[in-house]
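Q: I would like to learn how to read the local features of a structure, one at a time. Could you take me through some of them, with a case for each?

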Amino acid sequence: MKEISCKLLVIGAGPGGYVCAIRAGQLGVDTVIVEAGKPGGTCLNVGCIPSKALIHAAEEFEKVAHMAGGKSPLGISLTAPMLDLAKAIAWKDGIVSRLNSGVAGLLKKARVKTVQGWATFRDGKTVEVETETGTQVIRAETVVIATGSAPVELPFLPFGGPVISSTDALALSEVPKKLAVVGGGYIGLELGIAFAKMGAKVTVVEALPRVLAQYDAELTRPVVKRLGELGIEVMTGAKAKGVSTQGQAGKGDSLLVETADGKNAKVAADKILVTVGRKPLTEGWGLDQIDLDMAGKFIRVDEQCRTSMRGIFAIGDVTGEPMLAHRAMAQGEMVAEIVAGHKRSWDKRAIPAICFTDPELVTAGLSPDEAKALAGEVKIGLFPFAANGRAMTKQGEDGFVRVVARADNHLVLGIQAVGQGVSELSAAFGLALEMGARLEDIAGTIHAHPTQGEGFQEAALKALGQALHI
């Protein structure tokens, strides 16, 4: 097999890698991308897209099941619905397949050469790729590492049998009757809520004193309330210890737990979903051959995503938190332009983050405590959806929009929201922070009525002491 030489080699076709390659190709950079699996990485194949598809299916099923129970105030009645999870999974897979093809088509359109296989560094300019037809050697002037991340496996709860990862959970053919979720972070609660809506009896085991600990308690309160409404049992301050298997394989399994008061307990479970975080993929591709500086478990990069070795960049999850697809995409686009000779550096003011629980959570910029630590005195405006007409018509009155600004000049430092469908407000929040908006800018912008977005304007008005609808 002939060796390939190129100006830019991208290792990994996840959101960061494929965006980097497409942008480089658009700029006329001779680019090769290597991917062992399907294009799109974790986000497209086993993360963001398939989980949101499953969450949507669960929401639809729960909605009609609620109506079938004769509890709909809208006057809609139905007979009891049935859920064919295998069909729902096939529908989800169809969306993933369409997007896989779309990414492959975009790479081809940008004249990027794709090599399928596992890449391993030989030195800082050369990799070997194990393909179906043999070893392919690729030499490049510049290399971008975009190898992503993987679910963390607990040594006392190894994946296999009843113990599943988030990837496994997205491929189940049947809804487990009893599901134990180890980890009360955003992945565990997103999937736990979805399976509860589909009929599973869900128990969440969280070692910390409360779930969604990365958010402040005020923001997560509506989510915790909803967990109770869905019948999800939450054990906080509890440590998973292992699995107890009884009877036939896969039957009568239990998660062993040490409760907050130090007692041993068993949580009956057909499946045990472990969602205790993700780790950067820094093994198996020859990191030892190039000896890059590390920042803990992540590859250390500067404001241009350059590593400690000249000519090697790193982007995405392998470079640290937040492990979000849109951060990786922004890094990938920036690095492609740097390789093409443009002057670029990382100057983002905010990376919005969304938790697709019910209700959804959105954060952008600083929390109230972080803002106080930075700026001292702050102004905080909070507008509840209970006073928003559109939220009422959607039966989504729980939640609020909260704006945090400096007290001296009203520069907005952070925006948070919790409520039904608030993920779509993330674009407005990110734009406001990126543009350096002040409270008066948001308050003075006409927001369409009736929308939940009005809550953003009202929160700014509240912070200014000019609230109109509360």
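A: Let us begin with burial along a helix, keeping in mind that this is a predicted model. In H6, the buried residues are Gly188, Leu189, Glu190, Leu191, Gly192, Ile193, Ala194, Phe195, Ala196 and Lys197.

Q: What does that list say about the setting of H6?

A: Because 10 of its 12 residues are buried, H6 is largely enclosed by the rest of the structure. The helix runs over residues 186-197 and reaches 16 Å from its first C-alpha to its last, which is close to the 16 Å expected at 1.5 Å a residue. Just after H6, Gly199 takes a positive phi of about 115°.

Q: How many residues does H3 have, and what span does it reach?

A: H3 has 21 residues, and from its first C-alpha to its last it reaches 30 Å, close to the 30 Å expected at 1.5 Å a residue. Its buried residues include Pro50, Ala53, Leu54, Phe61 and Met67, and the buried residues of H3 pack against H2, H4, H5 and H6. Just after H3 there is again a glycine to note, since Gly70 takes a positive phi of about 70°.

Q: How is the packing of H3 and H4 described, in terms of angle and axes?

A: Two packed helices are described by the angle between their axes and the distance between the axes. Here H3 (residues 48-68) and H4 (residues 85-109) pack at an angle of about 145°, with their axes 9 Å apart, and H3 passes H4 in a right-handed crossing.

Q: Which residues in H3 and H4 meet?

A: On the H3 side they are Ile49, Pro50, Ala53, Leu54, His56 and Ala57, and these meet Leu85, Ala88, Ile89, Trp91, Lys92, Ile95, Val96 and Leu99 in H4. The residues of this contact divide into 12 nonpolar, one polar and one charged.

Q: Where are cis peptide bonds found, and what is omega in each case?

A: A cis peptide bond is read from omega, and one such bond joins Glu321 and Pro322, with omega about -5°. Pro322 sits in the loop between strand E19 and helix H9. The peptide bond from His449 to Pro450 is also cis, with omega near 0°, and Pro450 has its place in the loop between helices H13 and H14.

Q: Which residue other than glycine has a positive phi near 65°, and is that residue buried or exposed?

A: The residue is Cys305, whose phi is near 65°, and it is found in the loop between E18 and E19. With a relative accessibility of 3%, Cys305 counts as buried, because buried means under 20%. Gln395 is another case, with a positive phi of about 55° although it is not a glycine. Gln395 is found in the loop between helix H11 and strand E23 and is partly exposed, with a relative accessible area of 46%.

Q: How many aromatic pairs does the structure hold?

A: The structure holds two aromatic pairs. One of them is formed by Phe429 and Phe456, which are edge-to-face at 4.9 Å centre to centre, with 65° between the planes.

Q: Why does the pair of Phe429 and Phe456 tie together parts that are apart in sequence?

A: Phe429 lies in H12 and Phe456 in H14, so the pair ties together parts that are 27 residues apart in sequence. Both Phe429 and Phe456 are buried.

Note on methods:
Residues are numbered from 1 along each chain as its sequence is written. This is a predicted model: local features need pLDDT of at least 70, side-chain atom pairs count only at pLDDT 80 or more; totals for chains, interfaces and linings use all residues. Side-chain values use heavy atoms; hydrogens and water are left out. Helices (H or I, at least four residues) and strands (E, at least two) are DSSP runs, numbered from the N terminus. The expected span of a helix is 1.5 Å times one less than its number of residues. Buried means under 20% relative accessible area, exposed over 50%, partly exposed in between (1.4 Å probe, protein chains only). Axes are lines fitted to C-alpha atoms, for helices over the stretch in contact, and angles run from 0 to 180 degrees between N-to-C directions. A crossing is left-handed if the near helix is turned anticlockwise from the far one by less than a right angle, and right-handed if clockwise. Contact means heavy atoms within 4.5 Å. Ala, Val, Leu, Ile, Met, Phe, Trp, Tyr, Cys and Pro count as nonpolar, Asp, Glu, Lys and Arg as charged, and the others, Gly among them, as polar. Rings of Phe, Tyr and Trp (its six-membered ring) pair if their centres lie within 6.5 Å; planes under 30 degrees apart count as stacked, over 60 as edge-to-face and the rest as tilted.
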